[in-house]
Amino acid sequence: MRATTFILLLALGLATIFNAECVKQRKQVDCSNYKKLPPGEERSCPEIYEPICGSDGKTYSNECFFCSEVKKTDDKLKFAHFGKC
């Protein structure tokens, strides 16, 4: 029983460490894969909620919505941080 508990706690600790490393690596949003669309054309973005705060003080639902707005503003909109504004 003690060995099982130790192994489970060790596995949980390692998973937490590796997950934290993955989060630390992503410090910015890369919008280089998104192209500017012609006027009147809208981008189709997935409805996944991973909020991003823009330099305009608005919260964008995810990277796709944020990068679409970045391209609409000719790269004037900047990344502030992950999460709600």
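**Exercise 1. Determine the exposure class of Cys85 and characterise its disulfide.**

Solution. Step 1: Cys85 has a relative accessible area of 45% and is therefore partly exposed; buried means under 20% relative accessible area, exposed over 50%, and partly exposed in between (1.4 Å probe, protein chains only). The model is a predicted one, in which local features need pLDDT of at least 70 and side-chain atom pairs count only at pLDDT 80 or more, while totals for chains, interfaces and linings use all residues. Residues are numbered from 1 along each chain as its sequence is written, and side-chain values use heavy atoms, with hydrogens and water left out.

Step 2: Cys85 is joined to Cys53 by a disulfide with an S to S distance of 2.1 Å, the term denoting a pair of cysteine sulfur atoms within 2.5 Å. The torsion about this S-S bond is 115°, a right-handed link.

Step 3: Cys53 lies in strand E1 and Cys85 in the segment after E3, 32 residues apart. Helices (H or I, at least four residues) and strands (E, at least two) are DSSP runs, numbered from the N terminus. Cys53 has 5% relative accessibility and so counts as buried.

**Exercise 2. Locate the disulfides that involve Cys64 and Cys67, and state their handedness.**

Solution. Step 1: Cys31 and Cys67 form a disulfide with sulfur atoms 2.0 Å apart. Its S-S torsion is about -75°, so this disulfide is left-handed. Because Cys31 lies in the loop between helix H1 (2-25) and E1, and Cys67 in helix H2, the pair ties together parts 36 residues apart in sequence.

Step 2: Cys45 is linked to Cys64, S to S 2.0 Å. This link is left-handed as well, with -70° about the S-S bond. Cys45 lies in the loop between H1 and E1 and Cys64 in helix H2, so this pair ties together parts 19 residues apart in sequence.

Step 3: A search of the whole structure finds three disulfides. Counting bonded cysteines along the chain, their pattern is 1-5, 2-4, 3-6.

**Exercise 3. Describe the buried residues of helix H2 and the ends of this helix.**

Solution. Step 1: In H2 (residues 63-72), the buried residues are Cys64, Phe66, Cys67, Ser68, Val70 and Lys71.

Step 2: These buried residues pack against strands E1 (52-54), E2 (59-60) and E3 (79-82), where contact means heavy atoms within 4.5 Å.

Step 3: At the start of H2, a side-chain oxygen of Asn62 comes to within 3.0 Å of the backbone nitrogen of Cys64. Just after H2, Asp74 adopts a positive phi of about 55°.

Methods:
Polar contact = N/O pair within 3.5 Å; in protein donor to acceptor, adjacent residues only side chain to side chain.
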